[in-house]
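Please work through the following exercises with the structure open beside you, and try each task before reading its solution.

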Amino acid sequence: MVGNIILMDELFKSYHKVFKIKYHFVFVIKYRKDLFLNEKYVNTIKEICTGLEQRYTLKFETVGFDKDHVHFLLQSVPKYSPSQIFRLVKSISAIELFKRHPDLKKELWGGEFWSDGGYVSTVGEGINAEIIRKYINNQGRKIDQVKLSDFL
């Protein structure tokens, strides 16, 4: 339970409303650095996601890493727009990464962890969500980049 909102079987319930809103986000590391080959940064991102879930009404359902980017399948509430979630996750994760790993500033020449922009889409349940989950879970498992169409 977060505030007056309860997560039950993937449905958020609040007062007289029930909703299920899912997004697929992709964030790319600045300069396409292959920092996610280092397990300590991957683990830090996972810890940050857990903290965000506890602080905000978000649920990171699936997280997948490739060497230079990360995919999130997450659930949220209508009070947060996709752009707010985008900004929230990118800013807090970057701040925390630099705080916990000061060496990153040298690696990224001083300031930003994430590249500008990124990707976001809404995800419907059923086959659409299963395709996205499978795609995210297969990140980093092949040398060649996996394409979403490979799972259709």
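**Exercise 1. Follow phenylalanine 25 into its neighbouring strands.**

Find which residue of E7 is the bridge partner of phenylalanine 25, and then look for its partner in E6.

Solution. Begin on the E7 side, where phenylalanine 25 has valine 120 as its bridge partner; then turn to E6, where the partner of phenylalanine 25 is phenylalanine 72. Before going further, note that the model is a predicted one, in which local features need pLDDT of at least 70 and side-chain atom pairs count only at pLDDT 80 or more, while totals for chains, interfaces and linings use all residues. Residues are numbered from 1 along each chain as its sequence is written, and side-chain values use heavy atoms, with hydrogens and water left out.

Next, widen the view from single bridges to whole strands, which, like helices, are DSSP runs numbered from the N terminus (helices H or I, at least four residues; strands E, at least two). Two strands count as paired if DSSP finds at least two bridges between them. E4 and E7 pair in the antiparallel sense over five bridges, and strand E4 (residues 21-28) is joined to E6 by eight bridges, again antiparallel. One further E4–E6 position to check is valine 26, whose bridge partner in E6 is histidine 71.

Finally, ask how covered E4 is, taking buried to mean under 20% relative accessible area, exposed over 50%, and partly exposed in between (1.4 Å probe, protein chains only). Seven of the eight residues of E4 are buried, so E4 is largely enclosed by the rest of the structure.

**Exercise 2. Describe the surroundings of strand E6.**

Determine how many residues of E6 are buried, and which strand forms a hairpin with E6.

Solution. Start with coverage: in strand E6 (residues 69-76), eight of the eight residues are buried. Taking the two faces in turn, His69, His71, Leu73 and Gln75 lie on one side and Val70, Phe72, Leu74 and Ser76 on the other, and all of them are buried.

Then look at the hairpin, which E5 and E6 form with three residues between them. Strand E5 (residues 59-65) pairs with E6 in the antiparallel sense over six bridges, among them threonine 62 with leucine 73 and lysine 59 with glutamine 75. Glutamine 75 and lysine 59 are 16 residues apart in sequence, yet 5.0 Å apart in space, C-alpha to C-alpha. Glutamine 75 has a relative accessible area of 1%, and therefore counts as buried.

To finish, add the helix that packs here: Ala129, Ile131, Ile132, Arg133, Tyr135 and Ile136 are buried in helix H4 (residues 127-137), and the buried residues of H4 pack against E4, E5, E6 and strand E7 (119-123).

**Exercise 3. Characterise the packing of H1 and H2.**

At what angle do H1 and H2 pack, and which residues make the contact?

Solution. The first step is geometry: helix H1 (residues 39-55) and H2 pack at an angle of about 130°, with their axes 10 Å apart. The axes are lines fitted to C-alpha atoms, for helices over the stretch in contact, and angles run from 0 to 180 degrees between N-to-C directions. H1 is therefore oblique to H2, since angles under 35 degrees count as roughly parallel, over 145 as roughly antiparallel, 65 to 115 as roughly perpendicular and the rest as oblique.

The second step is to list the residues, with contact meaning heavy atoms within 4.5 Å. H1 contributes Tyr41, Thr44, Ile45, Glu47, Ile48, Leu52 and Arg55, and H2 contributes Val89, Ile92, Ser93, Glu96, Leu97 and Arg100.

The last step concerns histidine 101, which lies in the loop between helix H2 (82-100) and helix H3 (104-107). Its relative accessibility is 10%, so histidine 101 counts as buried. Leaving aside neighbours within four places in sequence, histidine 101 is in contact with Lys40, Tyr41 and Thr44.
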